[in-house]
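Consider how the open space and the aromatic side chains of a protein model can be read from its atoms. The account below goes through both in turn.

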Amino acid sequence: MSSQKPLMAARDVLAIIDLFTEHAIELWIDGGWGVDALLGRQTREHSDLDIAMHHEDVPLIRRLVAERGFTDIPRDDTRDCNFVMGDEQGHLVDFHTFSYDNQGNLNFGLPYPLDSLTGNGMIAGYPVRCISPEWLVRFHTGYLVDENDYQDVKAVCEKFEIVIPEDYQSFGKKK
C-alpha cells in the first residue's frame, strides 16, 4: 500500500456503496462517514470507510473488492467479523459484520443492535443507510476520545437533540 496518508473521499465512498448495491449487498455506514451521512455534509477528511453488514456477504465483498485491488490490512483487532482491506491508492474499508437468527438474536459477529441499523443520511447528495443517531453516539463512548470524536458527537447531538454523553462533558471544557 502507498505511504501516503489514507484518505476516503466522498466519491470513493459512493463507488464502494454503488458496487455493493449492484450486487444486492445490504450495508450501513458507520464511523466518521456515518456521522457525516447523518449530518448531510462532510465535516472533515476521513482515513477510512466503516461499513456494518451481514456476515453472509463477506465472501462476495472480499471477491468484489479484491477485483479492484484491495487486500487485507492486518491489525491487532482483525477477526472474521472485523477486518480492514485497502488498495494501493490508500483507500481503506473497515468491515464490521454480524449475523442474526430469525428471532433477532446475534449468533455471530459484532453486536449491532437491530435498532441501530435504522439511520438514513446523505453522502454528497446520495441517500445512504447508516447507524441511527442515538446508537452512533453510544458507539462513540467507552474509550479515550479525541478532538474528532468530540466534534462528531457534539454535531450529532446538536442536530438530533441528544444529550452529550458523560465521556464528553469535560472534553468540551478543555482549551
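What follows takes up the largest pocket, then the aromatic pairs, and then the charges that sit over rings.

This is a predicted model, in which local features need pLDDT of at least 70 and side-chain atom pairs count only at pLDDT 80 or more, while totals for chains, interfaces and linings use all residues. Residues are numbered from 1 along each chain as its sequence is written, and side-chain values use heavy atoms, with hydrogens and water left out.

The largest pocket holds about 560 Å³ of space. A pocket here is an open set of points on a 1 Å grid over the protein atoms alone, where a 1.4 Å probe fits, with protein on both sides within 12 Å along at least five of seven lines, and lining residues have an atom within 4 Å of a point. The lining comprises 23 residues, of which Asp30, Gly31, Asp50, His96 and His140 are the closest to the centre of the pocket. At least two lining residues come from each of α2 (31–39), β5 (92–100) and α5 (147–160), and α5 gives the largest share, three residues; helices (H or I, at least four residues) and strands (E, at least two) are DSSP runs numbered from the N terminus. By class, the lining has five nonpolar, eight polar and 10 charged residues, where Asp, Glu, Lys and Arg count as charged and Gly is among the polar ones.

Turning to the aromatic side chains, rings of Phe, Tyr and Trp (its six-membered ring) pair if their centres lie within 6.5 Å, with planes under 30 degrees apart counted as stacked, over 60 as edge-to-face and the rest as tilted. This rule gives eight aromatic pairs. In one of them, the ring centres of phenylalanine 20 and phenylalanine 95 are 6.3 Å apart and the planes stand at 40 degrees, so the pair is tilted. Because phenylalanine 20 lies in helix α1 (residues 10–22) and phenylalanine 95 in strand β5, this pair ties together parts 75 residues apart in sequence. Phenylalanine 95 is buried (under 20% relative accessible area, 1.4 Å probe, protein chains only), with a value of 0%.

Phenylalanine 98 and tyrosine 112 also form a tilted pair, since their ring centres are 5.6 Å apart and their planes at 55 degrees. Both rings belong to an aromatic cluster formed by Trp28, Phe98, Tyr100, Tyr112, Trp135 and Phe139.

Finally, the charged end of arginine 129 sits over the ring of tryptophan 28, 4.9 Å from its centre, a description that requires CZ of Arg, or NZ of Lys, within 6 Å of the ring centre and within 35 degrees of the ring normal. Arginine 138 lies over the face of tryptophan 135, at 4.2 Å from the ring centre.

How values were computed: Points joined across faces, edges and corners; volume = space filled by probe spheres on them. Buried < 20%, exposed > 50% of the residue type's maximum accessible area, 1.4 Å probe, protein only.
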